[in-house]
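Colleague: I would like to learn how to read a predicted model with ligands in it. Could you take me through the features one by one?

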Amino acid sequence: MLEVRGINKTFGGLKAVTDANLSVSEGKIVSLIGPNGAGKTTLFAIIAGFLKSDSGSVTFDGSDITGKPPHWICQQGLVRTFQVVQPFTSLTVRENIAVGAHTRIAGRRKALARAADVAKLVGMEGMLDQSAGDLTISGRKRLELARALATEPKLLLLDEVMAGLNATEIHDLLPVIRGIRDNGVTIFLIEHVMQAVMSLSDYTYVLNQGIMIAEGEPKDVTSSPEVIEAYLGHGAAERIAKMGGGNA
Amino acid sequence: MNERTRLFGWILLLITLAVVPLFLHSARWIEFLEMTLFVAVLGQGWNILAGYGGQYSFGHALFFGTGAYIQALLQVKFGFSPWIAMWFAISGGVLVGAFVGYLSFRYGLRGSYFALITLAFAEAFLVLSRSLKSITEGGQGVQLPLNQDPEKAIATFQFNFAGPFLSEYGFYYTIFFILLLAYGLTAWMERSRFGAQLVAVRENEDAARALGINAFKAKMGAICLSAGITAICGVYYVQKFLFIEPGIAFGPAKSVEALFAPIIGGLGTLLGPLLGSLFIHSVGEMTKATIGQALGGRPGVDLILFGVILILVLAFLPRGLVGLLEAAWKRLTGDRNA
Ligand SMILES: Nc1ncnc2c1ncn2[C@@H]1O[C@H](COP(=O)(O)OP(=O)(O)OP(=O)(O)O)[C@@H](O)[C@H]1O
Ligand SMILES: [Mg+2]
């Protein structure tokens with residue numbers, strides 16, 4: 001469904017992403033993890049058309065989408081959410097989601113009705129007439145998800161939708177994301193919350209300082225010494241092994 | 001305030017505007033209402049781009065002047081019927097809008113850059129209209145011949161000698177009709193996908209693009225619609241005053257007039273520009289009658305007052321008079337989801 005080949009991106013002198021390769025197959029939940037500043041968001045931005053890569057290609061659903069504008073990519077069925085939520089603050093929740101729905105639906109009334117349906121999927125049906133500017137962080141994260149979902153994507157890129165949520169909120173969101181996948185939407189997500197990564201993903205990629213250092217099933221990847229060191233610094237793997245495990 | 005109450009309010013307001021002049025047998029008051037509606041339309045033109053689209057223009061005179069000059073010149077120089085010239089005037093305004101929009105939006109100019117570009121274009125047209133004497137008659141302006149034949153009143157789109165009813169009310173109902181058109185278009189826009197996408201772009205362009213919106217296209221649509229409506233104001237102005245000159249057409253006064261009403265009335269709302277214009281003109285009349293008189297009829301007092309009002313509104317009424325009205329309505333009805 002998604003093929004990323006040889007992506008490079010530098011900001012000034014900084015190598016944000018170096019020769020990144022990955023693929024996401026249809027119907028799966030794939031995750032991308034890595035420490036802060038690893039280049040995860042940058043890679044998402046390149047895939048979704050927000051940034052131009054210096055080299056490399058992105059193929060979605062069999063066609064080359066490298067360098068295409070974001071709105072076009074979204075219309076093809078690939079949508080991203082933002083790590084730093086970007087609500088339309090002076091609109092209501094319903095109107096926010098309807099903006100996404102308009103990608104497929106021309107009529108205002110139908111788009112608003114569709115918005116209400118999508119809100120239900122993410123548990124926002126009670127907040128439809130609330131102003132997006134008044135939402136809590138958890139509400140904003142859900143709204144970000146709902147809006148993207150309303151565009152009826154084939155592939156959904158989620159950039160840290162769990163960040164800033166408490167344990168209960170995370171617990172509530174996990175089945176929602178699984179439900180989306182079960183409805184036929186492939187999911188590619190960036191996440192720091194390990195509990196979410198472990199329980200959701202079928203496959204995991206690890207990015208560190210712009211380089212893809214590991215990939216595989218989440219439980220294998222997260223126990224690999226190289227990954228643990230990337231997260232916790234040199235020698236950490238050994239220390240943790242002594243302590244008898246832990247979660248990063 | 002729900003949809004129904006709102007619709008009812010609009011019908012009431014429009015009926016009032018339709019019949020009120022019939023009871024005013026004073027040319028001065030009819031003229032007052034005409035100018036109020038004129039600025040309400042001019043303001044709505046600006047509001048579509050700035051209020052709904054978030055692109056603040058400081059040079060809307062550009063579109064007004066383009067419409068006005070095309071309307072005047074096609075009649076005077078080429079003998080066009082005003083009813084034909086009108087379509088060229090509107091298209092001309094839209095084309096200039098599309099050109100300025102293309103230059104600005106293609107290269108992602110936003111905020112003050114866009115404001116400056118529009119201002120610069122208006123100034124450039126001001127200079128051009130002064131200097132291209134062979135086309136525009138330069139600084140002395142273009143004068144339309146006055147038609148005194150009542151038979152030709154409609155054909156010449158001039159109502160000064162059009163018989164009892166039309167000579168009194170012709171221009172009022174013309175601008176009233178234009179208002180219905182402009183506000184009807186805006187109301188349609190508010191309820192359309194185009195409008196929703198435009199507002200999304202105003203609120204957050206990156207988020208809008210991520211959700212499949214072609215921001216460039218949305219902004220182009222807005223500037224074309226906005227410029228077209230503003231150009232119609234130019235057409236109206238020329239037919240009413242039978243005269244246009246560079247300062248009136250492209251000078252900053254019209255650009256400022258276009259943004260005052262919607263900002264005071266309520267940005268990005270259908271009612272805002274009309275409410276703002278009513279307020280400004282009423283206050284203007286009152287100041288002229290009171291303080292202006294006391295100071296010996298010196299002009300400009302009202303302008304100072306407008307400046308003060310603008311600052312007060314910006315400081316205390318972020319949603320303009322419409323916001324105030326909605327709050328008052330909420331209080332009155334105890335309606336929680338107004
Ligand atoms: N527009 C930009 N201009 C310059 N540098 C940038 C830009 N965007 C990101 N960077 C830099 O590129 C690197 C990768 O950033 P990125 O946001 O992709 O990391 P990340 O893996 O998403 O981190 P986090 O987990 O904190 O979100 C960082 O060093 C960041 O400072
Ligand atoms: Mg990030």
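Modeller: We will go through confidence, the two ligand sites and one loop residue in turn.

Colleague: What does the model score in ipTM and pTM?

Modeller: This is a predicted model, so start with confidence, on this principle: where pLDDT is low, the predicted coordinates should not be read in detail. Here the scores are ipTM 0.88 and pTM 0.90. For chain B, the average pLDDT is 90, and 96% of the residues score at least 70.

Colleague: Which residues come nearest to ligand 1?

Modeller: Begin with the list of neighbours, then ask where they sit. Ligand 1 has 13 residues around it, and the nearest are Asn36(A), Lys40(A), Thr41(A), Thr42(A) and Gln83(A). By type, the shell holds 7 polar, 4 nonpolar and 2 charged residues. Strand S2 (14–24) and helix H1 (40–47) of chain A each provide at least two residues of this shell. H1(A) gives the most, with 3 residues.

Colleague: Which polar side-chain atoms lie by an oxygen atom of ligand 1, and at what distance?

Modeller: For polar contacts, look at N and O pairs within 3.5 Å. Gln83(A) places a polar side-chain atom 2.8 Å from an oxygen atom of ligand 1. For Asn36(A) the corresponding distance is 2.9 Å, and for His192(A) it is 2.9 Å. As for cover, ligand 1 taken alone exposes 630 Å², of which the protein buries 61%.

Colleague: What coordinates the magnesium ion?

Modeller: For a metal, list the donor atoms and their distances, then trace them back along the chain. The magnesium ion, ligand 2, is coordinated by OG1 of Thr41(A) and OE1 of Gln83(A), at 1.9 to 2.1 Å. This pair links distant parts of the chain: Thr41(A) belongs to helix H1 of chain A, while Gln83(A), 42 residues apart from it, is in the loop between strand S6 (78–80) and helix H3 (93–101) of chain A.

Colleague: Why does Thr41(A) count as partly exposed?

Modeller: Compare the relative accessible area with the cut-offs: partly exposed lies between 20% and 50%. Thr41(A) has 27%, so Thr41(A) is partly exposed. Gln83(A) has 32% and is therefore partly exposed.

Colleague: Is Gly13(A) buried or exposed?

Modeller: The cut-off for exposed is over 50%. Gly13(A) counts as exposed because its relative accessibility is 76%. Gly13(A) lies in the loop between strand S1 (2–11) and S2 of chain A. Its C-alpha atom is separated by 39 Å from that of Ser90(A), 77 residues apart along the chain.

How values were computed:
Residues numbered from 1 in each chain as written. Chains lettered and ligands numbered in written order. Predicted model: local features only at pLDDT ≥ 70, side-chain atom pairs only at ≥ 80, totals over all residues. Heavy atoms only, no water. Near = heavy atom within 4 Å. Polar contact = N/O pair within 3.5 Å; in protein donor to acceptor, adjacent residues only side chain to side chain. Areas by Shrake-Rupley, 256 points an atom, 1.4 Å probe, with all protein chains shown as cover. Helix = DSSP H or I, 4+ residues; strand = E, 2+ residues; numbered from the N terminus. Nonpolar A, V, L, I, M, F, W, Y, C, P; charged D, E, K, R; others polar. Buried < 20%, exposed > 50% of the residue type's maximum accessible area, 1.4 Å probe, protein only. Donors = N, O, S within 2.8 Å, 3.2 Å for Na, K, Ca; no water. pLDDT = per-residue confidence, 0-100.
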